[in-house]
Amino acid sequence: MLTKQRHQLILQRLSEQKIVKLKELVELTASSESTIRRDLTDLEAEGYLERVHGGATLVARYEEEPTFEEKRDQHVDEKVAIARKAATFIEDGMSVYLDAGTTTQAMVPFLDGKDVIVVTNSLPIANDLFDLDIKTFVIGGELKRSTQALVGYNARESMMNYRVDLAFLGINGVDLEAGYTTPDPEEALVKKTAIELAREAYILADDSKFGKRSFSRVAPLEAATLVTWSDSTSVSSIQSITKVVNAQ
């Protein structure tokens, strides 16, 4: 059995039972204990599960993330300013990744008339791009109801088919020590993969995200340029670690 197939079986069983024993996974996948131990180590590193004595358990979600609709009505002026600035980095002929989120969605009107190809994990963004007749690829994965995003291991595997010039991502927390974070490990995995596959990555965040830490780490601050709208003194601290573009 291929590694991908074993991982899918392990995660499916965990979603059903919340906790599984090593012996059970050995029987389920017809694999050796050493193989399953490696699988559990890999899945733990990706934020899907936590290894416990004799098996594994699903990672708990410690935060209730606001819904897409709730986020859409927050910090509207800042989001539009950030989106407008971010869109200026996109040139004709480029391929770009737009992560699910209300700030990244705000970029779409500024792409009108540009000759670009877009990859996204967001159904609302895909619909907006369709209306503008922009060539769009939507990755696969599990559809998360609250954010209308395609997430998880299958989403990551789908993304591996693409290489993009630029990636633009939303985020929940920007912290000097914790880096870029988000509540859901399955969304974190997709964001992390997008950063890895892009020639350049940009995080879009207003200063309400500064100093915040969410459950799942996406990347260190230096992994992406921060595009923000802020007169906060926190910006100067962040600038000592990574490039910051202020949309003010």
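A salt bridge is a side-chain nitrogen of Lys or Arg within 4 Å of a carboxyl oxygen of Asp or Glu. By this criterion, the structure holds 11 salt bridges. The model is predicted. Two sheets and several of these charged pairs are described below.

The sheet formed by β1, β2 and β3 is open and has 3 strands. Their order is β1-β3-β2, and the pairing is antiparallel. Strands β1 (19-21) and β2 (49-52) stand at the edges. Each has a single partner strand, so one side of each is left without a neighbour in the sheet. From one strand to the next, the twist averages 20 degrees. Strand β3 covers residues 55-58 and runs antiparallel to β1. The two are joined by 3 bridges. Within this sheet, Ile19 stands opposite Thr57 in β3.

Two helices contact these strands. Helix α1 (residues 3-17) lies across β1, β2 and β3. Its direction runs at about 125 degrees to β1. Helix α2 (residues 22-29) also packs on the sheet, where it touches β1 and β3. The direction of α2 makes about 75 degrees with that of β1.

A salt bridge connects these two helices. Arg13 pairs with Glu24, and their closest N and O atoms are 2.6 Å apart. Arg13 lies in helix α1 and Glu24 in helix α2, 11 residues apart, and the pair links distant parts of the chain. Side chains of opposite charge can pair when their charged atoms come close. Arg13 has a relative accessible area of 21%, so this residue is partly exposed. Glu24, at 22% relative accessibility, also counts as partly exposed. Buried residues would have to fall under 20%.

A further open sheet of 3 strands has the order β10-β11-β13. Here, too, the pairing is antiparallel. The edge positions belong to β10 (173-175) and β13 (216-219). Because each of them has a single partner strand, one side of each is left without a neighbour in the sheet. The twist averages 35 degrees from one strand to the next. Strand β11 (residues 179-182) runs antiparallel to β13, and 3 bridges join the two. Across from Thr181 stands Arg217 in β13. Helix α9 (residues 185-197) lies across β11 and β13. The helix runs at about 5 degrees to β13.

Edge strand β10 also takes part in a salt bridge. The side chains of Arg213 and Asp175 meet at 3.0 Å, N to O. Arg213 sits in the loop between β12 (198-204) and β13, whereas Asp175 belongs to strand β10. The two residues are 38 residues apart, and the pair links distant parts of the chain. Asp175 has a relative accessible area of 12%, so this residue is buried.

Other charged contacts complete the description. Glu200 forms a salt bridge with Arg199. The closest N and O atoms of that pair are 3.1 Å apart. With a relative accessibility of 35%, Glu200 counts as partly exposed. Lys144, Asp184 and Glu187 are linked in a network of salt bridges.

Terms used:
Residues numbered from 1 in each chain as written. Predicted model: local features only at pLDDT ≥ 70, side-chain atom pairs only at ≥ 80, totals over all residues. Heavy atoms only, no water. Pairing = 2+ DSSP bridges. Helix = DSSP H or I, 4+ residues; strand = E, 2+ residues; numbered from the N terminus. Axes fitted to C-alpha atoms, helices over the stretch in contact; angles between N-to-C directions. Contact = heavy atoms within 4.5 Å. Buried < 20%, exposed > 50% of the residue type's maximum accessible area, 1.4 Å probe, protein only.
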